[in-house]
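Work through the exercises below with the sequence and the structure side by side. Try each task yourself before you read its solution.

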Amino acid sequence: MSVARFWRETPRRYNLAGSKCGRCGTVYFPPRAVCPTCPQHRETMAQMGPFQLTGDGTVFAYTVVHEAAEGFEMLVPYVLALVRTVEGPMLTGQVVDIDPSEVRIGLKVRATFRKLREEGKAGVIHYGYKFAPVSDADGAPRRPAPRGTAAASTPDAAPADRASA
Ligand SMILES: [Zn+2]
């Protein structure tokens, strides 16, 4: 993607800014100028308003990617998921902060803004949303369970865990 196109798309990438039909209530992301759901969709233009998606949703479908595209070599294997947001629109994005083998259909996730990739030596950094699991209890982002000093450190321990040990 060109830098110019990226910046044009930045507001909605950062904000998950969609649109909502004032007539039937359907939410769209990316935003739409008219509502294709309403029978008289040509008449809905004046009723389409901005709508901020929460970023909350559940995994609808997913795939584990083992062969990385150029620029994503550091990330394999990673999970690419189709997420059904609580507002309705489907979003596609990477699922992070979870072992790929633990991802399931129906997993509750929340969009979080992360670095997507770095381009070339100039270091153009692209940011966008990725999805992280949320706990069922309080909806807070899931964190690894605290490890006692008695527990041996595991190979998958996060750097933060090792630093605090
Ligand atoms: Zn509508």
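The exercises that follow go from the overall layout to single residues and then to confidence.

This is a predicted model, in which local features need pLDDT of at least 70 and side-chain atom pairs count only at pLDDT 80 or more, whereas totals for chains, interfaces and linings use all residues. Residues are numbered from 1 along each chain as its sequence is written.

**Exercise 1. Describe the order of helices and strands along the sequence.**

Solution. Begin with the terms: helices (H or I, at least four residues) and strands (E, at least two) are DSSP runs, numbered from the N terminus. With these rules the protein has two helices and eight strands. Reading along the sequence then gives the pattern α-β-β-β-β-β-β-β-β-α.

**Exercise 2. Work out how strands 1, 2 and 3 are arranged.**

Solution. Two strands count as paired if DSSP finds at least two bridges between them. Strand 1 (residues 17–21) and strand 2 run antiparallel and are joined by two bridges, and in one of the pairs to look for, Lys20 has Val27 of strand 2 as its bridge partner. The three strands form an open sheet in the order 2-1-3, with antiparallel pairing. Its edges are strand 2 (27–28) and strand 3 (48–52), each of which pairs on one side only.

**Exercise 3. Examine the hairpin formed by strand 5 and strand 6.**

Solution. Strand 5 (residues 78–85) pairs with strand 6 (residues 90–95) in the antiparallel sense over six bridges, and Val79 has Val95 in strand 6 as its bridge partner. Four residues lie between the two strands, and in this turn Gly88 has a positive phi of about 125°.

**Exercise 4. Find the largest nonpolar core and the strands that supply it.**

Solution. A residue is buried if 20 or more other C-beta atoms lie within 10 Å of its own, exposed if 12 or fewer, and partly exposed in between, with C-beta atoms placed from the backbone. A nonpolar core is a set of buried Ala, Val, Leu, Ile, Met, Phe, Trp, Tyr and Cys residues joined through C-beta atoms within 7 Å. The largest such core has 16 residues, and those with the most contacts inside it are Val59, Ala81, Val83, Val95, Val109 and Phe131. Strand 5, strand 6, strand 7 (108–119) and strand 8 (124–133) each supply at least two residues of this core, and strand 5 gives the most, with three.

**Exercise 5. Decide how exposed Glu43 and Asp97 are, and explain why.**

Solution. Glu43 is found in the loop between strand 2 and strand 3, and Glu43 is exposed because 12 other C-beta atoms lie within 10 Å. Asp97 is in the loop between strand 6 and strand 7, and Asp97 is partly exposed because 17 other C-beta atoms lie within 10 Å.

**Exercise 6. Locate two backbone features to compare with a general rule.**

Solution. Most residues other than glycine have a negative phi, and most peptide bonds are trans. Phi of Asp97, however, is near 65°, a positive value in a residue other than glycine. A cis peptide bond joins Phe29 and Pro30, with omega about -5°, and Pro30 is in the loop between strand 2 and strand 3.

**Exercise 7. Where is confidence lowest, and where is it highest?**

Solution. The score to use is pLDDT, the predictor's confidence in each residue, from 0 to 100. The protein averages 78, and 64% of the residues score at least 70. Confidence is lowest in helix 2 (residues 159–164), at a mean of 45, and highest in strand 2, at 96.
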